[in-house]
Amino acid sequence: MSIQVLIGLKLLSSAKQRLMPQLSLAERRGLMITMLTTVAAAARAAQLGPVALATSEPDAPSLANVLQVDVVSDGGLPWNEGLVHALDRIGDTPTAVLYLAGDLPLLQADDLLAFVDAAPANGVAVARARDRGSNALLVRPPHAFTPMFGSPRSSEVHHAAATDRGLQCRIVDIPGLALDVDTIEDARDAGMLAALSETGQGPGRG
């Protein structure tokens with residue numbers, strides 16, 4: 001079984017704008033890269049299959065080299081369309097695709113393995129975020145379903161859409177897949193602000 005892991009990455013020049021004005025662009029960029037490093041390492045360690053960034057970020061090739069993952073173009077398209085575009089550019093068709101958020105600072109390989117184990121043999125699995133959004137989506141076979149990230153309570157939107165299409169769908173709650181960083185409160189809960197402060201990059205620095 002080969003699962004293609006696609007980690008969506010938006011342009012770093014507009015990373016985490018909801019953290020303004022508490023964090024500068026350089027701080028937000030650094031925070032995003034730190035979280036992406038954690039996610040890529042967890043995905044590689046889980047050994048589910050090839051791991052790639054789906055992105056149009058100009059620095060993605062050098063970043064992917066450091067992270068030891070591949071890069072697939074999202075065509076500069078909006079989020080969900082870009083992920084599908086990236087999937088279509090994969091040379092060998094995988095048995096499944098795992099769309100994975102890049103801003104999961106607590107993610108570990110075991111979280112991904114548990115998520116895959118909980119997924120239906122054919123259909124869709126959704127890793128529910130704390131705000132009922134979606135932080136991961138496993139689709140088997142890979143073209144059976146189009147992601148709908150960004151919708152309010154997208155875990156419920158994904159579930160309803162998959163059910164309407166006659167696909168089995170399971171919503172899964174796993175701590176390491178639940179906390180994504182969109183707000184200062186999220187960053188604080190993940191311990192990210194303390195890490196920034198220790199390096200002299202975070203809020204409240206002198």
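**View 1. Long-range contacts shape the overview of this predicted chain.** Of the contacts (heavy atoms within 4.5 Å) in the protein chain between residues at least 6 apart in sequence, 63% join residues at least 24 apart. This is a predicted model, in which local features need pLDDT of at least 70 and side-chain atom pairs count only at pLDDT 80 or more, while totals for chains, interfaces and linings use all residues. Residues are numbered from 1 along each chain as its sequence is written, and side-chain values use heavy atoms, with hydrogens and water left out. The protein chain has eight helices and seven strands; these are DSSP runs numbered from the N terminus, with helices being H or I of at least four residues and strands E of at least two. The radius of gyration, taken over C-alpha atoms, is 16 Å, close to the 17 Å from the globule rule (2.2 Å times the number of residues to the power 0.38), so the chain is as compact as a globular protein of 206 residues. Along the principal axes, the C-alpha atoms fill a box of roughly 55 × 30 × 30 Å. Buried residues make up 51% of the 206, where buried means under 20% relative accessible area, exposed over 50% and partly exposed in between (1.4 Å probe, protein chains only).

**View 2. Strand 2 and strand 3 run parallel, side by side in the pairing sense.** Here we see strand 2 (residues 51-55) joined to strand 3 (residues 70-73) by four bridges; strands pair if DSSP finds at least two bridges between them. Look for A52, whose bridge partner in strand 3 is D70. Between these strands the chain passes through helix 2 (residues 60-67), making a right-handed β-α-β crossover. Right-handed means that, with the strands pointing away from the viewer, the path from the first strand over the helix to the second runs clockwise.

**View 3. Strand 4 is enclosed and has partners in strand 1 and strand 6.** Five of the five residues of strand 4 (96-100) are buried, so this strand is largely enclosed by the rest of the structure. A96, L98 and L100 lie on one side, V97 and Y99 on the other, and both faces are covered. Strand 1 (3-9) pairs with strand 4 in the parallel sense over five bridges, and L6 stands opposite Y99. With strand 6 (residues 134-140), strand 4 runs antiparallel over four bridges; here L100 has A136 as its bridge partner.

**View 4. Helix 3 packs its buried residues against four strands.** Now follow helix 3 (residues 79-88), home of H85. Its buried residues are N80, G82, L83, H85, A86 and L87, and they pack against strand 1, strand 2, strand 3 and strand 4. H85 has 18% relative accessibility and therefore counts as buried. Leaving aside neighbours within four places in sequence, H85 is in contact with S73, D74, G75 and L77.

**View 5. K10 lies over the face of W79.** The distance from K10 to the ring centre is 5.0 Å. A charge sits over a ring if NZ of Lys or CZ of Arg is within 6 Å of the ring centre and within 35 degrees of the ring normal.

**View 6. E156 sits in helix 5 (residues 154-164).** E156 counts as partly exposed, at 33% relative accessibility. V126 is 30 residues away from E156 in sequence, and their C-alpha atoms are 9.0 Å apart.
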